[in-house]
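Here's a quick briefing to read alongside the model. Have the structure open and follow along topic by topic.

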Amino acid sequence: MKNSYEAATLYEDIKNRTISDCDGRGPILKTLYDQISETTFIYAVLSHVKNKGEQTVRKIDIRPVAIGEEIMAQASLYYEKKVQHENLSFSALAEFLEKWLGPYFRQGVFYTTENDYQVLYSKKGKYTVLKKAPTRVLETVAHNRTKQYIIPEGEPCDFMIHLGVMHEDGRVVKKYYDKFRQLNRYLEFISDHLDLFRRERVRVVDFGCGKAYLTFALYYYLVEQLGLEVDMIGLDLKEDVIEFCNRTAEALNYKDLHFMKGSIERFESEAPIDVVVSLHACDTATDEAIAKAVGWGAKLIFAVPCCQHELFSQLNNSAMAPLLAHGVVKDKLTALVTDTLRQLALEAAGYDV
């Protein structure tokens, strides 16, 4: 069957140019990439992976989206069980295409207002560019009003489905939407410190993990999405919770995530812990977690204190009488004083707080 694309004629030597030509791309590719702009670009798809594997990106499609007042190119990276989204300026799109098309994918199809293009790479790394008259029309770009979560809404996520946060098709269960947003907000905080995770293997402990929604989210993000190697432990005092979490981790095949029953104070680790998480650990449990983390020299301590009663009965100062007269105000003051002491202790130990 005759290919409907005609050989491109912008340059006579477009065929059999190697990827190394012209600083990483031949002149025809430079022309193609440079003419892709927010006013001409309609859609693109990269496919035909060179080397398939479990963590392989199966295909990438790219489309223009309106984010605020800016038109950007949104790349959707399709894995076997998830999709990741990346928003790019059109000035950065050429570099993105150079990274994926050729070294990773053997075919790219581009639809523009000027022409349709097909880029084909041989097994030896030589390419052919074909073109034909445009077959698609540039439509009004829809505003991308859906928030771009780290774990996207509408894409199935195994642990969220298992824990009842998502339906099988990726829709968020209505009554768990606040939980869905909480999990993503937590991962946004973690994503700000990814430089701490760029190590051969990262050891993480989550003190007072409870039903471990956040623990599973952290493991999924680091291992399933970012492909990092971790050893992660969740610790809690409730035996039934620990049994549930271990069954869940086994069902999800999260091989390097384990849950243990025990107190923070008595927990010991043969190897130093890199990341200590303590979310809503009651009263002095947060302080015990901080003390453990400092003792290990942990690189990151992520602590969100819960109820803090230790100082409540100890605050008694006549000069502060107006602040201590009402329990609700005294409780807030107690929390501020407690967190200030924690801040000072951590800074004294060399941490940025």
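With a sulfur–sulfur cut-off of 2.5 Å, the disulfide count for this predicted model comes to zero. C245 is a good place to check that: the nearest cysteine sulfur belongs to C209 and sits 5.1 Å away, so with a limit of 2.5 Å there's no disulfide here.

**Cysteines**
- C245 is buried, with a relative accessible area of 0%.
- C157 is buried too, at 1% relative accessibility.
- C245 also turns up among the contacts of F216, a residue that comes back below under the cores.

**How far to trust it**
- Mean pLDDT for the chain is 83, with 88% of residues at 70 or more.
- Strand β12 (residues 257-261) has the highest mean pLDDT among the elements, at 96.
- At the other end of the scale is strand β2 (residues 17-18), with the lowest mean, 35.
- Residues 1-25 have pLDDT below 50, yet this stretch makes 53 contacts in the model beyond near neighbours in sequence.
- Where pLDDT is low, predicted coordinates shouldn't be read in detail.

**Helix α6 and the cores**
- Helix α6 (residues 213-225) is mostly covered, with 12 of its 13 residues buried.
- The buried ones include Y213, F216, Y219, Y220, Y221 and Q225.
- The largest nonpolar core has 46 residues, and F159 and F216 have the most contacts inside it.
- α6 is the top contributor to this core, giving 10 residues.
- Apart from it lies another core, of 30 residues, with L77, L93, L97 and F105 among them.
- What does F216 touch, leaving aside neighbours within four places in sequence? Its contacts are F159, L163, K211, C245, T248, A249, L252, Y254, L257 and F259.

**Backbone oddities**
- Most residues other than glycine have a negative phi, which makes the next two worth a look.
- A212 has a positive phi near 70° and isn't a glycine.
- A212 is in the loop between β10 (202-207) and α6, and it counts as buried at 2% relative accessibility.
- H48 is another non-glycine with a positive phi, about 65°, and it's placed in strand β3 (residues 41-49).
- After α6 comes G227, which also has a positive phi, near 70°.

**The β13–α8–β14 unit**
- Strands β13 (residues 275-279) and β14 (residues 300-304) pair in the parallel sense over five bridges.
- The chain gets from β13 to β14 by way of helix α8 (residues 285-296), and this β-α-β crossover is right-handed.
- To find the pairing by eye, look for V276, which stands opposite I301 in β14.

**Q308, past β14**
- Q308 lies in the loop between β14 and α9 (321-324).
- Is Q308 buried or exposed? Its relative accessible area is 10%, and because the cut-off for buried is under 20%, Q308 counts as buried.
- Beyond residues up to four places away in sequence, Q308 touches D283, D331, T334, A335, T338, D339 and R342.
- Q308 and A285 are 23 residues apart in sequence, with their C-alpha atoms 9.4 Å apart in space.

Key: Residues numbered from 1 in each chain as written. Predicted model: local features only at pLDDT ≥ 70, side-chain atom pairs only at ≥ 80, totals over all residues. Heavy atoms only, no water. Pairing = 2+ DSSP bridges. Helix = DSSP H or I, 4+ residues; strand = E, 2+ residues; numbered from the N terminus. Right-handed = clockwise from strand over helix to strand, strands pointing away. Buried < 20%, exposed > 50% of the residue type's maximum accessible area, 1.4 Å probe, protein only. Contact = heavy atoms within 4.5 Å. Core = buried A, V, L, I, M, F, W, Y, C linked by side-chain atoms within 4.5 Å. pLDDT = per-residue confidence, 0-100.
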